[in-house]
Amino acid sequence: ATFACWVGYDLDGRTDIDWRKSFILRLQEKRASLADIRERFLGLRSDLPADGEAQRISRQVTGKLDLTIAAVDEQIEALDKVMTANAALADAANIITRSDGYNITTVEPIVGLLRALIEVLPAGKGKRGVAVLAGLMEATGLGTAHIHVRINAVQLNNAFRAFVHEPWTRDLSESQALARIVSMIEAARHETVNFESLDLETATAIRQFALIAQIQKHVDRETPVRFLIAETESPATVLIAVFFATLFGVDHITDVSPLFETPLGLETGARVIERLLEEKAYVNYVKRRKRLALQTGFSDAGRFVGQIAATLAIERLHHGL
């Protein structure tokens, strides 16, 4: 089981969370996760042999964690200075992008050491505890939870219209529009993103994809990110998200997840998914991710249509799906 959270990444109707806040929060989650693993591992060391290969690997584990935590602390401090003391963003970017080997973007260096430790431990000498710790890291990645980046369908559609700037985007419900979006997905070439381009981007929806790209490059390149689209009512909106994920090179870790919560969304959600599955580009994307992500609103659905009616609508949507 894994937890997921959108606190600090939810921009549906909010303007008070800029990308720096989201990025520094992700760094803080990474630091908290590493510190938690370190504390848990120190609690296991009393069960390990007092000398030999096990102790050598044990020192490597704590040393690697200490160096990584120090690197993340330096990144947090640098970005905090940009936010609070008007320091140059370029200075923070240089520290975050530095390739000195201390920062890690995958759990493998630590999990690999834990697996090696399991191999050399005698039976009953802490094997189970170390295995559980390795499993915890693999499940949660370099963070305290998986994250949900959340925007509204209107924000995404408007950002796409501004990006394409062609008349056919006025009505995204037309089959011709769907066909064009699919062709854009198939022809998409990865855009290069850096912290300056992220800072200059004005479209909220596009900036969220650029944020995911920077998190993937410099914080955690493996842990999935849920891209939640509130008030989804159209297959085009989902395909637009898949296009931007492909364009920014994050389609392999991003789960585009329509949120069906409006009366129309609850009524037609199953048909939206059915229509998406007719498009090879979407099917290929789902196969690469090995999951099809979607969510149903409950509190907002209750606000839109009433709680009892919403409960029944959600049950019908489940059956339809």
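# Close-ups of a predicted model

**View 1. Arg 26 is buried, with a relative accessible area of just 4%.** Buried here stands for under 20% relative accessible area, exposed for over 50%, and partly exposed for anything in between (1.4 Å probe, protein chains only). This is a predicted model, where local features need pLDDT of at least 70 and side-chain atom pairs pLDDT 80 or more, while totals for chains, interfaces and linings use all residues. Residues are numbered from 1 along each chain as its sequence is written, and side-chain values use heavy atoms, with hydrogens and water left out. Arg 26 sits in helix 1, residues 19–44. Skip its neighbours within four places in sequence, and Arg 26 is in contact (heavy atoms within 4.5 Å) with Tyr 9, Leu 142, Gly 143, Ile 147, Ile 215, Val 219 and Asp 220.

**View 2. Here's the whole protein, with 14 helices and five strands.** Helices (H or I, at least four residues) and strands (E, at least two) are DSSP runs, numbered from the N terminus. The C-alpha trace spans about 70 × 50 × 35 Å along its principal axes. Of the 321 residues, 51% are buried. Take the contacts between residues at least 6 apart in sequence: 77% of them join residues at least 24 apart.

**View 3. Five strands line up in an open sheet, in the order 1-2-3-4-5, with parallel pairing.** The edges are strand 1 (4–5) and strand 5 (295–296), each of which pairs on one side only. To count as a pair, two strands need at least two DSSP bridges between them. Strands 2 and 3 run parallel and share six bridges, and one pair to look for is His 148 with its bridge partner in strand 3, Arg 226. Further along, two bridges tie strand 4 to strand 5, again in parallel, and Leu 259 has Gln 295 of strand 5 as its bridge partner. Helix 6 (residues 153–164) lies across strand 2 (146–152) and strand 3, at about 70° to strand 2. That angle is taken between N-to-C directions, on a scale from 0 to 180 degrees, with axes fitted to C-alpha atoms and, for helices, over the stretch in contact.

**View 4. Strand 3 and strand 4 sit in the enclosed part of the sheet.** Five bridges join strand 3 (residues 225–230) to strand 4 (residues 254–260), and the two run parallel. Leu 228 stands opposite Ser 257 of strand 4. Five of the six residues of strand 3 are buried, so that strand is largely enclosed by the rest of the structure. Strand 4 is also largely enclosed, because seven of its seven residues are buried. Thr 254, Val 256, Pro 258 and Phe 260 point one way from strand 4, Asp 255, Ser 257 and Leu 259 point the other way, and all are buried.

**View 5. Helix 10 links up with strand 3 and strand 4 in a right-handed β-α-β unit.** Right-handed is the call if, with the strands pointing away from the viewer, the path from the first strand over the helix to the second runs clockwise. All 13 of the 13 residues of helix 10 (residues 235–247) are buried, so the rest of the structure largely encloses this helix. At its start, a side-chain oxygen of Ser 234 comes within 3.1 Å of the backbone nitrogen of Ala 236. Just past the helix, Gly 249 has a positive phi of about 70°. At 1.5 Å a residue, helix 10 should span 18 Å, and its end C-alpha atoms are 18 Å apart, so the two agree. The expected span is 1.5 Å times one less than the number of residues.

**View 6. Helix 2 covers residues 53–84.** Its 32 residues should span 46 Å at 1.5 Å a residue, which agrees with end C-alpha atoms 46 Å apart. Asn 86 follows this helix with a positive phi, near 55°.

**View 7. Arg 207 belongs to helix 9, residues 204–218.** Its relative accessibility is 14%, so Arg 207 counts as buried. Leaving out neighbours within four places in sequence, Arg 207 is in contact with Leu 11, Trp 19, Leu 198, Glu 201 and Thr 202. Ser 197 is ten residues away from Arg 207 in sequence and 9.0 Å away in space, C-alpha to C-alpha.

Key
Polar contact = N/O pair within 3.5 Å; in protein donor to acceptor, adjacent residues only side chain to side chain.
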